[in-house]
Amino acid sequence: MIADVLSEASERMQKAVEVAKDDFASVRTGRANPQLFQKIMVSYYGTPTPLAQLASLSNPEARTLVVTPYDKGAMRDIEQAIRDTPNLGANPSNDGNIIRVTLPELTEERRKEFVKLVKSKAEDGRVSIRNVRRKAKDDLESLKGEVGDDEVARGEKELEQITKSHVDQIDDALKRKEAELLEV
């Protein structure tokens, strides 16, 4: 029973780490990356649709992304969604077949803003891990009548180790992203 609680908590913490890493990928660095556009939602015939389902993305140059829509009728909507995306600063241009998005060079001030944004996303990830820990700890406490207090105490120690390892994973990803952002 304790093992079940711990394995479920570990799985949920791992999902929180993955979400945090995905959030980090959506923050732009000096170079263009198709992952920046993964969370852009385009109003396609009135329905919010992920950009990746409406177009293919490629980056032929370091600061340029090429968006090739599958449906030419959605081109204006895709262009508008890219233009309206916060923290991107991109100005898309369309030649009738493809949309070229040239990302501006990051200034030192903008890089520092992005570092703050990434730190806040990391803190959100840590908070969600702590919430999973709290729920697992409550589940372990509720088992006290069924299993011995020593077993529960051992389970709580193991839960703390699992929590620490997942928080460390987020911290490591944060350090890598910070270094990537501050690299000129």
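A pocket, on a 1 Å grid over the protein atoms alone, is an open set of points where a 1.4 Å probe fits, with protein on both sides within 12 Å along at least five of seven lines; lining residues have an atom within 4 Å of a point. This is a predicted model, where local features need pLDDT of at least 70. Residues are numbered from 1 along each chain.

**Exercise 1.** Work out what lines the second largest pocket.

*Solution.* Start with the volume, the space filled by probe spheres set on the points: about 160 Å³ for this pocket. Next, pick out the lining, which includes Lys-21, Phe-24, Arg-176 and Glu-180. Now sort the lining: 3 residues are nonpolar, 2 polar and 4 charged, with Asp, Glu, Lys and Arg counting as charged. Finally, look at the helices (DSSP runs of H or I, at least four residues): α1 (2–25) and α5 (149–182) each supply at least two lining residues, and α5 gives the largest share, 4 residues.

**Exercise 2.** Find which strands stand at the edges of the open sheet.

*Solution.* Strands are DSSP runs of E, at least two residues, and two of them pair if DSSP finds at least two bridges between them. Write down the order: β3-β4-β6-β5, with antiparallel pairing. β3 (55–61) and β5 (91–94) each have a single partner strand, so one side of each is left without a neighbour in the sheet. Then zoom in on one pair: β3 and β4 (residues 64–69) share 5 bridges, and Ser-58 has Val-66 in β4 as its bridge partner.

Definitions and conventions: Predicted model: local features only at pLDDT ≥ 70, side-chain atom pairs only at ≥ 80, totals over all residues. Heavy atoms only, no water.
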